[in-house]
Amino acid sequence: MQTIETYDFTGKKALIRVDFNVPFNEKFEITDDTRMRAALPTINKVIEKGGSPIIMSHLGRPKDGPEDKFSLKHLVNHLSELLNGATVKIAPDCIGEEAKTIAKGLKPGEVLILENLRFYKEETAGDEEFARKLAENGDCWINDAFGTAHRAHASTAVIAKFFPNDKMFGYVIGSELESLDKVLASPTRPMTAIMGGAKVSSKITIIENMLDKVDNLILGGGMTYTFVKANGGKIGSSICEDDYLETALTIQKKAAEKGVKLYIASDVVAADAFSEDANTQPAAANNIPDGWQGLDAGPESIKTFKTVIENSGTILWNGPVGVFEFDKFAVGSRAVADAIAAATKKGAFSLIGGGDSVACINKFGLADEVSYISTAGGALLEYLEGKTLPGIAAVRGE
């Protein structure tokens, strides 16, 4: 397999699939350019080695062909600024003769953005003919969009067949895979996973896959109460998935069989409403009064969670342990974040993944104190579930 480090880009037109699905305000000003900045090392590598980057991305969810508000032309000036004034051109389409002509005429160091891939339904359909037309724009293909790697789209997977010897990962995907493999393939023990969020149903496959990999599993957030109720506890009006009570018991049984230590909150902060202004009281997790609901982990649970996390060698955090959006109920998630930062400082490898966990770590200002933050969303979750991602398999030739 080729790598971006060893490939000779001299005079080559390098098609780079990035994730430039960035948010705008009403003036088409980019309000968060994190994804664009993440792709800069890959783009700059091609330029430094004498090639011309050709950027492919989707933007938004256009319904029926081209729409101005979803045009990648709104990214041109900002990308040029990020690339220290490099010439950045925009093609009026992502396929066709005009796009090919502009691509062919690029000088080394010049950058071309192809128009929004999703102006064509063939992109998400994984249409092979569309992938072939995209491939005609370049000499090699770099997949650097981990956030879309779980989709078998034309530009993220199918296009690989047209570059049998000239395909590789960019630095975004490379660092994601390296970090994930540190957690899933070769973790330093003990390994702890913190799984939070509202529903057991949305995390069941990940939890089951993690049971084969972790030493400690902390379950928090709304899913706590499904487990507590399954064990006969009183949960008041806390969120609960009654259809998953048996599943919760099965998870507990499997954890015990595999020697995984399972930690679920023993005490909680209960509220009389789902509100920042709610009245609160401490409660045992299995004895929450009628009309009250658990919205955060309690002090004893937090103490236990912190001890486990701070003594871990590898940590994966996916999902908060309380309603962190309300400051009153962010104490547990803040404590988890602090413990992860402390463990990382002592030498542990920590990976934060999943939108809410990333929002947590950013809210608490601790992003620089953990080992790696993944913003991949669905692709990350499917990787954690043990699924094969089409965008990864395509580059590896699997």
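Is Phe-24 buried, partly exposed or exposed? Hold on to that one for a moment, everybody. Before I answer, please keep in mind that this is a predicted model.

Right, Phe-24. Its relative accessible area is 21%, so Phe-24 is partly exposed; the cut-off for buried is under 20%. Phe-28 also counts as partly exposed, because its relative accessibility is 31%.

These two residues come up again when we look at rings. Searching the whole structure gives five aromatic pairs. In the pair formed by Phe-24 and Phe-28, the ring centres are 6.2 Å apart and the planes meet at 70°, so we call it edge-to-face. If you wonder why 70° earns that name, it is because planes over 60 degrees apart count as edge-to-face.

Now let's turn to a threonine. Find helix α1, which covers residues 34–48, and you will see Thr-42 in it. How accessible is Thr-42? Its relative accessibility is 0%, so Thr-42 counts as buried. Who are its neighbours? Leaving out residues up to four places away in sequence, Thr-42 touches Ile-4, Ile-16, Ile-142, Asp-144, Gly-170, Tyr-171 and Val-172. Take Tyr-171 from that list: its backbone nitrogen sits 2.8 Å from a polar atom of the Thr-42 side chain.

Next, the sheets. One is an open sheet of six strands, paired in parallel, and you can read its order as β3-β4-β2-β1-β5-β6. At the edges are β3 (88–90) and β6 (167–169), each pairing on one side only. From one strand to the next, the twist averages 25°. Let's zoom in on one pairing. Strand β1, residues 13–17, runs parallel to strand β2, residues 52–56, and five bridges join them. Leu-15 has Ile-54 as its bridge partner in β2.

There is also an open sheet of three strands, with antiparallel pairing and the order β12-β11-β14. Which strands stand at the edges here? They are β12 (280–284) and β14 (293–297); each has a single partner strand, so one side of each has no neighbour in the sheet. Ignoring direction, neighbouring strands of this sheet are turned by 45° against each other on average. Strand β11, residues 267–271, is joined to β12 by five bridges, and the two run antiparallel. In β12, Pro-282 is the bridge partner of Val-269.

Last stop: helix α10, residues 299–310, packs on this sheet and touches β11 and β14. The direction of α10 makes about 35° with that of β14.

Thanks for listening, everyone!

How values were computed
Residues are numbered from 1 along each chain as its sequence is written. This is a predicted model: local features need pLDDT of at least 70, side-chain atom pairs count only at pLDDT 80 or more; totals for chains, interfaces and linings use all residues. Side-chain values use heavy atoms; hydrogens and water are left out. Helices (H or I, at least four residues) and strands (E, at least two) are DSSP runs, numbered from the N terminus. Buried means under 20% relative accessible area, exposed over 50%, partly exposed in between (1.4 Å probe, protein chains only). A polar contact is a pair of N or O atoms within 3.5 Å; within protein, one must be able to donate a hydrogen and the other to accept it, and residues adjacent in sequence count only if both atoms are side-chain atoms. Contact means heavy atoms within 4.5 Å. Rings of Phe, Tyr and Trp (its six-membered ring) pair if their centres lie within 6.5 Å; planes under 30 degrees apart count as stacked, over 60 as edge-to-face and the rest as tilted. Two strands pair if DSSP finds at least two bridges between them. Axes are lines fitted to C-alpha atoms, for helices over the stretch in contact, and angles run from 0 to 180 degrees between N-to-C directions.
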